[in-house]
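Open the model in your viewer and keep the selection box handy. We will go from the sheet to the ligand.

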Amino acid sequence: MFKTRITEIFGIEYPIIQGAMMWLSRAELVSAVSNAGGLGIIASSTFPTVKELRQEIKKTKSMTDKPFAVNITLLPTVRPVNYGEYISAAIEEGVDIIETAGRSPEPYMKQLKDARIKIMHKCARVRDVKSAERLGVDAVTIVGFEAAGAPGMDDVASSVLLPRAVDTVKIPVIAGGGISDARGFVAALALGAEGVVMGTRFMACKECPAHPKIKEHMIQATEKDTVLIQRSINNPERVLSTDFAQSVLEMEKKGATLEELVPLISGLRGKQALDEGDISKGIIVCGQTVGLIHDIPSAREIIEGIISEAKLIVQRLYSTSV
Ligand SMILES: Cc1cc2nc3c(=O)[nH]c(=O)nc-3n(C[C@H](O)[C@H](O)[C@H](O)COP(=O)(O)O)c2cc1C
């Protein structure tokens, strides 16, 4: 049950993928997800140098013999990043699944294909799904408006975006944005997805290195407690609606320039908040599905819980329909 082209391509037991999370999806979380039968993804943007990424891959390999991936987020950064070098490092360290996100993976496709890497590309628009298929990626992830991180500029919810993507391409589609339990998992499969990616759910799990106070804050938050910042700079980001995030929004309303915003939205401020458990220190990326999260289980409990409850949901649906 729940075997799809995604479980087949990536060699995993369940079609459940842990969303790449800057600062957070490191060896402990990634290996926990992969050991539980899902696919963990290291966020390469966490590492200021290629050497540190290599060390994290080595550490992850020492903690799991199951497949895991490396995410390369191709978004503009304050410090120029040589993404090709990060990809080479991942390949040389033996990673054979790479997720690209943020921008078209086109400049890196030859490098990835030559190394026979399995490629998934994450995007937020149907037209990008189509281009990714044309470029030859193995799978595509579509994230809706609910998603943590970068849900795109179009404000279309997963319930519409996902079937649109599925109808548009032949390659398998992974659903992201708003999924955190068995109901979301089954609904995504019903809409045509062959896998799901969950960021916010795995952020509030035992192996996630965010400070416990951040996880407690997430448990208190409702579905109304996130907000989209950075729309004024054409790079919307869904984050927890804290006083800090509201002050960024205020600056945006007043027409702040990118240079004025950067000191507040820089990843390092977010890291400080996550490490110290102090939501007044920086931006905390988080999705609307936080409203459905009421506990802090282990990655294995999340995955096994979703699979066992999903089976019951499917049985119930089947028995009530005949
Ligand atoms: C704390 C946090 C950090 C994230 N950082 C990244 C990132 O660096 N690169 C990326 O492609 N996606 C990033 N994401 C997005 C997730 O990989 C995933 O697409 C998203 O969380 C799915 O939506 P959901 O949160 O509703 O599950 C992040 C998400 C969270 C919660």
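The stops below run from strands to helices to ligand.

This is a predicted model, in which local features need pLDDT of at least 70, side-chain atom pairs count only at pLDDT 80 or more, and totals for chains, interfaces and linings use all residues. Residues are numbered from 1 along each chain as its sequence is written, and side-chain values use heavy atoms, leaving out hydrogens and water.

**The sheet.** Colour the strands (DSSP E runs of at least two residues). The order is β1-β8-β7-β6-β5-β4-β3-β2, an open sheet of 8 strands with parallel pairing; pairing takes at least two DSSP bridges. Now pick β1 (16–18) and β2 (40–43): these are the edges, each with a single partner strand, so one side of each lacks a neighbour in the sheet.

**A strand pair.** Select 118–123 and 139–143. These are β5 and β6, parallel over 4 bridges. Cysteine 123 sits opposite isoleucine 142 in β6.

**A helix on top.** Add 126–135, helix α6 (helices are DSSP H or I runs of at least four residues). α6 packs on the sheet and touches β5 and β6; contact means heavy atoms within 4.5 Å.

**The ligand.** Show residues within 4 Å of the ligand, counting heavy atoms. There are 21, and Ala20, Thr73, Lys122, Gly178 and Thr200 come nearest. β3 (68–73) and α9 (200–203) each supply at least two residues of this shell.

**Ligand oxygens.** Look for polar contacts, pairs of N or O atoms within 3.5 Å. A backbone N or O atom of glycine 199 is 2.9 Å from a ligand oxygen. For the side chain of asparagine 71, an N or O atom lies 3.3 Å from a ligand oxygen.

Notes: A polar contact is a pair of N or O atoms within 3.5 Å; within protein, one must be able to donate a hydrogen and the other to accept it, and residues adjacent in sequence count only if both atoms are side-chain atoms. Axes are lines fitted to C-alpha atoms, for helices over the stretch in contact, and angles run from 0 to 180 degrees between N-to-C directions.
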